[in-house]
Amino acid sequence: MFKILTFKQMAIISFFLCLIMLLGSFLNTLSPYVDVFSQNEEKIPIIMYHQISENKAIWGDYVIPLSVLEEDFQYMKNHNINPISFEQLSLYIEKGERLPQNPIIITFDDGERSFITKVLPLVEEYKYPVNMNLVGSLVELYTKNGDTDDRYAYLNEKDVKELAENKLVSLGCHSYNLHSLSGRRGMGKIYGESEEEYKTLIYKDIEKFNTDFKRITGRNTDIIAYPYGIKNDTLKAIVREKGFKITLTCREEINKLSVGADLEELGRFNRPYGKSSKSFFEKIYKE
């Protein structure tokens, strides 16, 4: 025999059925976010290029010919290695937006003018996003002297303004005038310097860079590449205070990042002359 339910019992059952349906709907809404946060960490290698030159006499650890860069770009294309921008990486970290398979980031340091004449046409051909980190004092110097010989000159203000409008290029800070190993090593502290003296120097250098960069481009940057990878706790705190969210080192290791991670002290692999693209990338992916 079937038991006849009272009105009260039916009301209680209906309530719980509605609750289960609502809970199911809520969990279904959350499922994309649950999926994002359950993802494994992403492995993000970063390549660090410097000068592109056809002068064989200076090819070495920090100078390569355009043919090597072309070979690298073609290797990435052939092997489904997909360059991404720091903006894409930030969206992954902050919102869980998916990255392509085998992501990699391409950076250039110092700001040689060969970036405009040699690198940019290749970047636009492959549609690969790249990052360029500028030394502010060199931009100022070559704006004043008007020299645009890409064998040795650096980007001027007009170049920087044009690059800032290019959607494939992100610009970062490589200090205003602390890119040297004579006396002070990069943005490091020198022997005998007080903490207050050091802080004052770093604040002035970064503020000068930021002021000039904002005047030239109309915007700010949140990317800084430590010259020679030299850093310390005081410098890192000031950089963070000044709004830099992405900090780049010269430590050669793959970055293992997950949603919610920070983007400080990212490792980069320097691209020297004398290695084939195959051997260079195989070394990276063995890390």
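# A tour of salt bridges, cavities and pockets

Start with Glu265 and Lys236, whose side chains meet in a salt bridge at 3.0 Å, N to O. The pair ties together distant parts of the chain: Glu265 sits in strand S12, Lys236 in helix H8, and they are 29 residues apart. A salt bridge here is a side-chain nitrogen of Lys or Arg within 4 Å of a carboxyl oxygen of Asp or Glu. Helices (H or I, at least four residues) and strands (E, at least two) are DSSP runs, numbered from the N terminus.

The model is predicted: local features need pLDDT of at least 70, side-chain atom pairs count only at pLDDT 80 or more, and totals for chains, interfaces and linings use all residues. Residues are numbered from 1 along each chain as its sequence is written, and side-chain values use heavy atoms, with hydrogens and water left out.

**Stop 1: the two partners**

Buried or partly exposed: which is Glu265? Glu265 counts as partly exposed, because its relative accessibility is 22%. Lys236 counts as buried, because its relative accessibility is 18%. The cut-offs: buried is under 20% relative accessible area, exposed is over 50%, and partly exposed is in between (1.4 Å probe, protein chains only).

**Stop 2: the second largest cavity**

Keep Lys236 and Glu265 selected. Add Tyr226, Val239, Arg240, Thr247 and Glu264; together with Lys236 and Glu265 they line the second largest cavity. Its volume is about 40 Å³. Helix H8 (233–241) and strand S12 (263–266) each supply at least two of the lining residues. H8 gives the most, with three. By class, the lining has two nonpolar, one polar and four charged residues. Ala, Val, Leu, Ile, Met, Phe, Trp, Tyr, Cys and Pro count as nonpolar, Asp, Glu, Lys and Arg as charged, and the others, Gly among them, as polar.

Rolling a probe the size of a water molecule over the atoms shows where empty space is left. On a 1 Å grid over the protein atoms alone, a cavity is a set of points where a 1.4 Å probe fits but cannot get out. A pocket is an open set with protein on both sides within 12 Å along at least five of seven lines, and lining residues have an atom within 4 Å of a point. Grid points are joined across faces, edges and corners, and a volume is the space filled by probe spheres set on the points.

**Stop 3: the largest cavity**

How many cavities of 30 Å³ or more does the structure hold? It holds two. Move to the largest, with about 100 Å³ of space. Select Gly136, Val139, Asp212, Phe213 and Ile216, which are the closest to its centre of the 13 lining residues. Helix H5 (136–145), helix H6 (157–164) and helix H7 (195–217) each supply at least two residues of this lining. H7 has the largest share, six residues. The lining divides into seven nonpolar, one polar and five charged residues.

Keep Asp212 on screen. Add Glu140, Lys144, Glu157, Lys208 and Arg215: with Asp212, they are linked in a network of salt bridges. The structure holds 22 salt bridges.

**Stop 4: the second largest pocket**

Next, select Met48, His50, Tyr62, Asp109, Asp110, His174, His179, Tyr226, Tyr228, Cys250, Glu252 and Asn270, the lining of the second largest pocket. Tyr226 is also in the lining of the second largest cavity. The pocket volume is about 210 Å³. Its lining divides into five nonpolar, four polar and three charged residues.

Now follow Glu252 to Lys283, where the side chains meet in a salt bridge at 3.4 Å, N to O. Glu252 is in the loop between strand S10 (246–248) and strand S11 (255–257), and Lys283 is in helix H9 (residues 277–285), 31 residues apart. Glu252 is partly exposed, at 35% relative accessible area. Lys283 is partly exposed as well, at 32%.

Then select Arg251 and Glu253. Their side chains meet in a salt bridge at 2.9 Å, N to O. Arg251 is partly exposed at 31%, and Glu253 is partly exposed at 32%.

**Stop 5: the largest pocket**

Finish at Glu87, Lys167, Val169, Ser170 and Leu171, which lie nearest the centre of the largest pocket among its 26 lining residues. The volume is about 550 Å³. Helix H3 (86–95), strand S6 (103–110), strand S7 (130–134) and strand S8 (169–173) each supply at least two lining residues. Which element gives the most to this lining? H3 does, with four residues. The classes are 13 nonpolar, eight polar and five charged.
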